[in-house]
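Hi everyone, thanks for coming. I'd like to walk you through a structure that may be new to you, so please have a look at it before I start.

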Amino acid sequence: MEYLKVSIIVSLAIFLTAVHNVYCKNLGDSHSEDRVHNPEGLSDHAHFGVHNVHNSAYDHDAFLGEEEAKKFEKLSPEQSRLRLGKVVETIDKDKDGFVSDAELKDQIHHNQNRYIYRDADRLWNGQNLNKDHVITWAEYNYTSYSGMSEEQLIQRKAELGGDILKRLKHDKRRWKAADQDGDNQMNINEFPPFLHPEGFNHMRDIVVLETMEDMDKDGDGLLSLEEFIADLLAREGPLDKEPDWVATEREYFMVTRDKNGDGRMNTEELREWIFPTDHDPAEAETNHLIYEADVNKDGRLTKEEIIANHDLFAGSQATEFGRNIKDHDEF
C-alpha cells in the first residue's frame with residue numbers, strides 16, 4: 001500500500017511537470033515572462049514522447065549535464081558503468097555511501113546552472129588580474145569601472161551616463177551578498193552568484209530588490225499596474241496604439257499577481273512572480289530518479305542501485321545504437 005501511494009505521488013509529480021511545461025509554452029503571448037526566472041531546462045529532450053513513452057535521454061542530461069551525457073554515449077557499456085560509479089562518488093558529498101535526495105537535487109541544480117558556471121569561468125581570468133585564488137574589489141573595480149571611485153564616477157556622470165552609477169550600486173550590493181565568508185573578496189565559489197544571482201537561493205533577495213528598483217518608478221516600494229504595464233511597453237519601442245496583449249497582462253496582474261487585491265505588487269508578490277514556488281523541475285526529476293532506482297525504498301540511492309539502473313542515469317554506445325535503430329524504424 002505504501003509503495004502504491006509513493007507510485008501515485010511520483011506519477012502525479014511527473015504529470016504536473018509536463019502540464020506545467022505545456023502551460024508555460026501556451027503563455028508565450030505573455031510579454032511579462034522576460035523578467036521571470038526560468039533557468040535553462042534540464043534537457044533539450046522531452047521527458048516523455050508520443051503515447052507517454054519515457055525518454056531516458058532527458059534523465060541522462062539532468063543527471064550528468066548535456067556535455068557529459070554525450071561523452072557517455074561514446075563509451076562501451078562497461079566503460080560507461082565504471083565512469084558512472086566515479087560520478088556517483090563525487091555526488092556523495094558526505095561520503096556516507098549513499099546519494100541522498102538533497103545530494104541528488106544539488107547535482108541536478110548544478111547541471112541546470114551549468115551555463116552560469118561556464119560564464120563565470122570565462123570571466124574569472126579577465127577579472128583576476130594577479131592570477132591568484134580570489135578577485136578583490138579593487139581588481140573588479142579596475143576592470144569594470146577603470147579603477148574610478150564612486151565620487152569620480154559621479155563627477156563624470158554626464159560623460160559616462162547615469163546607468164553606470166546604478167550598475168555600481170547593484171554591483172556593490174551583489175558583492176556584499178555573494179561574499180559569504182565576509183573577506184570582501186570573491187573566491188571561485190562566490191563569483192558565479194555575484195555574476196548571476198538569479199541562479200542561487202541566497203541571492204534571490206537581491207534579484208527581487210533590483211527588479212523592484214527597475215520597475216518602481218515612483219520609488220514607493222510597490223509596483224502599481226501602471227508601472228507594470230509601462231515596463232512591458234518600454235521594451236516594445238514606439239507604438240501607434242496599445243497592443244491587444246496589454247489587456248491580457250492587466251488581467252494577469254489583477255487576478256494572479258496582485259494576490260492581496262490592493263492594486264499593487266509588494267515585494268513578496270514580486271518574488272512569487274519572478275521565482276514561482278509551484279514548480280521545481282529539479283525536485284520533480286530527483287523524485288523520479290529515486291522512485292525508479294531505489295530498490296529497497298529507503299529514500300536514498302547506493303552506488304550499486306544507480307549502476308544497476310545504468311540506462312536510467314547514463315547512456316553508452318549500446319544506448320545510442322538502440323536510439324538510432326528506433327529512429328530509423330519510426331522513419
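**A walk through the chain, starting at helix α6**

Let's begin with one helix. In α6, the buried residues are Ile116, Asp119, Ala120, Trp124 and Gln127. Before I go further, please keep in mind that this is a predicted model.

What covers those buried residues of α6? The cover includes β2 (134-136) and α7 (137-145), along with β3 (185-187) and α11 (191-195). We can also check the length of this helix. Helix α6 runs over residues 114-127, which makes 14 residues, and at 1.5 Å a residue it should span 20 Å; the C-alpha atoms at its ends are 20 Å apart, so the two agree.

Now let me step back to the whole chain. It has 19 helices and six strands. Out of 331 residues, 40% count as buried. If you take the contacts with a separation of 6 or more, 60% of them join residues that are 24 or more positions apart. As for the outside, the chain exposes about 19200 Å², and 52% of that comes from carbon and sulfur atoms.

Next, the inside. A general point first: in soluble globular proteins, nonpolar side chains tend to be buried together. Here, the largest nonpolar core has 24 residues, and the members that touch the most others are Phe63, Leu104, Leu301 and Phe313. Which elements give two or more residues to this core? They are α2 (56-64), α3 (66-72), α4 (77-91), α5 (101-112), α16 (281-293) and α18 (310-313).

Let's zoom in on Leu104. Setting aside neighbours within four places in sequence, Leu104 is in contact with Phe63, Ile91, Val99, Thr286, Leu289, Ile290 and Leu301. There is also a second, separate core, with 21 residues, and among them are Leu168, Met186, Leu195 and Phe200.

Phe200 brings me to the aromatic rings. How many aromatic pairs does a search of the whole structure find? The number is 12. Take Tyr117 and Phe200: their ring centres are 6.1 Å apart and their planes stand at 90 degrees, so this pair is edge-to-face. The two partners come from distant parts of the chain, 83 residues apart, with Tyr117 in helix α6 and Phe200 in the loop between α11 and α12 (204-215). Are they buried or exposed? Tyr117 has 25% relative accessibility and counts as partly exposed, whereas Phe200, at 11%, is buried.

For another kind of pairing, look at Phe191 and Phe194. Their ring centres are 6.3 Å apart and the planes are at 25 degrees, so this pair is stacked. Both residues are buried. They sit three residues apart in helix α11, which means about one helical turn separates them. They also belong to one aromatic cluster, together with Trp124, Trp137, Tyr140, Tyr145 and Trp175. You may remember Trp124 from the start, as one of the buried residues of α6.

One more ring before we move on: Arg300 lies over the face of Phe98, 3.5 Å from the ring centre.

Let me turn to a few single residues. Asn111 is in helix α5, and with a relative accessibility of 10% it counts as buried. What does Asn111 touch, not counting residues up to four places away in sequence? Its contacts are Asp61, Ala62, Phe63, Leu64 and Gly65. Phe63 is a name we have already met in the largest nonpolar core. Then there is Glu68, found in helix α3 and buried too, with a relative accessible area of 17%. Glu68 and Asn111 are 43 residues apart along the chain, and their C-alpha atoms are separated by 10.0 Å.

Finally, two spots in the backbone. Lys95 is not a glycine, yet its phi is positive, near 55 degrees. This residue is in the loop between α4 and β1 (98-99), and at 59% relative accessibility Lys95 counts as exposed. Asn184, also not a glycine, has a positive phi of about 60 degrees. You'll find Asn184 in the loop between α10 (163-178) and β3, where it is partly exposed, with a relative accessible area of 47%.

That's the tour, and thanks for listening.

Conventions:
Residues are numbered from 1 along each chain as its sequence is written. This is a predicted model: local features need pLDDT of at least 70, side-chain atom pairs count only at pLDDT 80 or more; totals for chains, interfaces and linings use all residues. Side-chain values use heavy atoms; hydrogens and water are left out. Helices (H or I, at least four residues) and strands (E, at least two) are DSSP runs, numbered from the N terminus. The expected span of a helix is 1.5 Å times one less than its number of residues. Buried means under 20% relative accessible area, exposed over 50%, partly exposed in between (1.4 Å probe, protein chains only). Contact means heavy atoms within 4.5 Å. A nonpolar core is a set of buried Ala, Val, Leu, Ile, Met, Phe, Trp, Tyr and Cys residues joined through side-chain atoms within 4.5 Å. Accessible areas come from the Shrake-Rupley method with a 1.4 Å probe; for residues, only the protein chains shown count as cover. Rings of Phe, Tyr and Trp (its six-membered ring) pair if their centres lie within 6.5 Å; planes under 30 degrees apart count as stacked, over 60 as edge-to-face and the rest as tilted. A charge sits over a ring if NZ of Lys or CZ of Arg is within 6 Å of the ring centre and within 35 degrees of the ring normal.
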